[in-house]
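Please look at the sequence and the model below before reading on. The paragraphs after it take up a strand and its partners, and then turn to a place on the surface.

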Amino acid sequence: MFAFFSLMRRFLPPYKKFVFLTIFLNLLSTLFSLFSFAAIIPILNILFGTENIVNQYIEWNWSDSFGAIFDALKNNITFYIQQFITLHGAQTALMLIGIFLVAMTLLKTGCAYFSSYFVIPIRTGVLRDLRTQLYDKVLSLPIGYYSDERKGDLMSRMTSDVSEVENSIINSLNFIFKNPITILVYLIVMFTMSWQLTIFVLILLPFSGFLIGKIGNSLKKQSRQGQAQQGEFLSQVEETLGGLRVIKAFNAENKMKKRFNTLNETLRRTFNRIFRRYELAHPMSEFLGTVVIAILLWFGGTLILRHNSPIDAAAFIYYLVIFYSIINPAKDLSRGAYSIQKGMASLERVDKILLTENPITDPQIFEMLNDFSSKIEYKNVSFKYENEWVLQDINLCIPKGKTIALVGQSGSGKSTLVDLLPRFYDVQRGGIFIDGINIKNFKMYNLRSKMGNVNQEAILFNDTFFNNIAFGVENATLEQVVAAAKIANAHDFIVATENGYDTTIGDRGSKLSGGQRQRISIARAILKNPPILILDEATSALDTESEKLVQQALENLMKNRTTLVVAHRLSTIQRADEICVVHQGRIVERGTHNELLLLKGYYKKLYDMQSF
């Protein structure tokens, strides 16, 4: 339960007003409930003629003890009822007591409704805040975090786990705010009426509470297991949809079916156990409550029959009514505790994201990168993802307005080197400097606003051409978007579509060819108009014709910009001001295209292989 109250401390402060109103109305509802139950005593006494004669009114003060006040109220109410019966008759008194009962019940149910009414904004608001925090955290975490996590499991935490938190924990808020108040007030009244009987009850209750708690703890463990399996299940579905072409090409349908069916059956068995334990909560609490009622009825009845009881028969019936009224809140509370235990497993999985520390942070005291005026420098830069160094002792100078190309074998560290510039990762040794200032001294938003990226995979969104091109620019006009598309050689195929710039391009641009997607990506970078440009193998996945159009668009984009290019196809970077050959995390050669050919080293080997 500690994690539950931790959740409340994190999310309830904005809703203090609603919490106060809910608790206050629940308290009123409980008090009106007690008043309505109290009508039973005079009704029974009138019907069975068992009322003791009260001859005098008792004065009392608020400074008296609670027991004295309670006894005085009980005496005075009986006194007034007897006086009323003497003057108007028993039938009229019964009618007025019945009206009192109806009025108290109306006030009780009205307060109960409005207490639930004010819980609703808390429930929906906490759920909204949880989703918002989770989404904001997903956006803020570094790219390196997602290389260690399965996409399907992350999606499961953001969807099914959040839904489980809603269904199991947030929906239990009404029980948490209402039932403890009801139980506490009823117990106080029961102690006031007969502390002997109440202590006897409290001796019996811990035994039933122990049994319910044992089942609840096992439920939490099984729920955590079930949510983890649900994450695996979603990963399996996501991998199947993403790899459908390969599955069919290798006739692996049966293999995938077998793997899916095994996981699906495991998931079914796990949730069978979870739901069976969950459904055990209500009947077990009801059975145990009935056992306690039966024992109490025997014990209290024996005391009354032996004339050893501090309360009479009518008051004992009232006592039993109050105690029985605790049973339902206790059942709901136990069911709510089950739900919370079930949901805490999901909350723990969500918290694995929410409580993850982001190692890449903005500086407290920062510099502003207003105008890039001189050069970018990598000084003795070394970097590793885990244990082995991916980059070692990189020294590189990129003057303003120049194009620097990085070439080398796959896995040599080229993409990692350019990913360090916008701080997708942070260097472990050395530093990267822009105009002599370490990039760690800039805010990331400020730093990245000066850069444009075009990657090997054109990452587009299921939106219109216009919104994809204007993605990184606020309040872009149609004229600006069209101008960027023309420079990127994308305007012609855009206007040829049914709705032009308002045409939706499908999931990740599925309605477009590879070359078209890449030209939209380039148009997006052109519209942003950054002084620094990063091109990470922007043409490597294209055919010759598409490459020519994209290369022309890239040359238009690179004019008057400082550009860092990662390339596999050496034909695309022959005009670069400097080409750096990266091998096993080090720059082993550098120079122009012709200078590197004359060296007859790594670059010459790469060039000869591509020429062949």
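What follows is a walk through parts of this structure, which is a predicted model.

A good place to begin is strand β8, which spans residues 562-566 and is mostly covered, with five of its five residues buried. In a regular strand the side chains alternate between the two faces of the sheet. In β8, T562, L564 and V566 point one way while T563 and V565 point the other way, and all of these residues are buried.

Which strands, then, are joined to β8? One of them is strand β3, made of residues 403-407, which runs parallel to β8 and is joined to it by four bridges; within this pairing, L406 stands opposite V566 of β8. Another is strand β7, residues 532-536, which is also parallel to β8 and is connected to it through five bridges, and here I534 stands opposite L564 of β8.

From this covered strand the reader can turn to the surface, where F191, W195, I199, L202 and I203 form a nonpolar patch whose accessible area comes to about 480 Å² together. Helix α9, which covers residues 195-242, supplies the largest share of this patch, namely four residues.

One residue of the patch, L202, is found in helix α9. Is L202 buried, partly exposed or exposed? Because its relative accessibility is 32%, L202 counts as partly exposed, a class that lies between the limit of under 20% for buried residues and that of over 50% for exposed ones.

Key:
Residues are numbered from 1 along each chain as its sequence is written. This is a predicted model: local features need pLDDT of at least 70, side-chain atom pairs count only at pLDDT 80 or more; totals for chains, interfaces and linings use all residues. Side-chain values use heavy atoms; hydrogens and water are left out. Buried means under 20% relative accessible area, exposed over 50%, partly exposed in between (1.4 Å probe, protein chains only). Helices (H or I, at least four residues) and strands (E, at least two) are DSSP runs, numbered from the N terminus. Two strands pair if DSSP finds at least two bridges between them. Patches are made of residues with over 30% relative accessible area and no salt bridge: like charges are joined within 9 Å, nonpolar side chains (Val, Leu, Ile, Met, Phe, Trp, Tyr) within 5 Å. Accessible areas come from the Shrake-Rupley method with a 1.4 Å probe; for residues, only the protein chains shown count as cover. A salt bridge is a side-chain nitrogen of Lys or Arg within 4 Å of a carboxyl oxygen of Asp or Glu.
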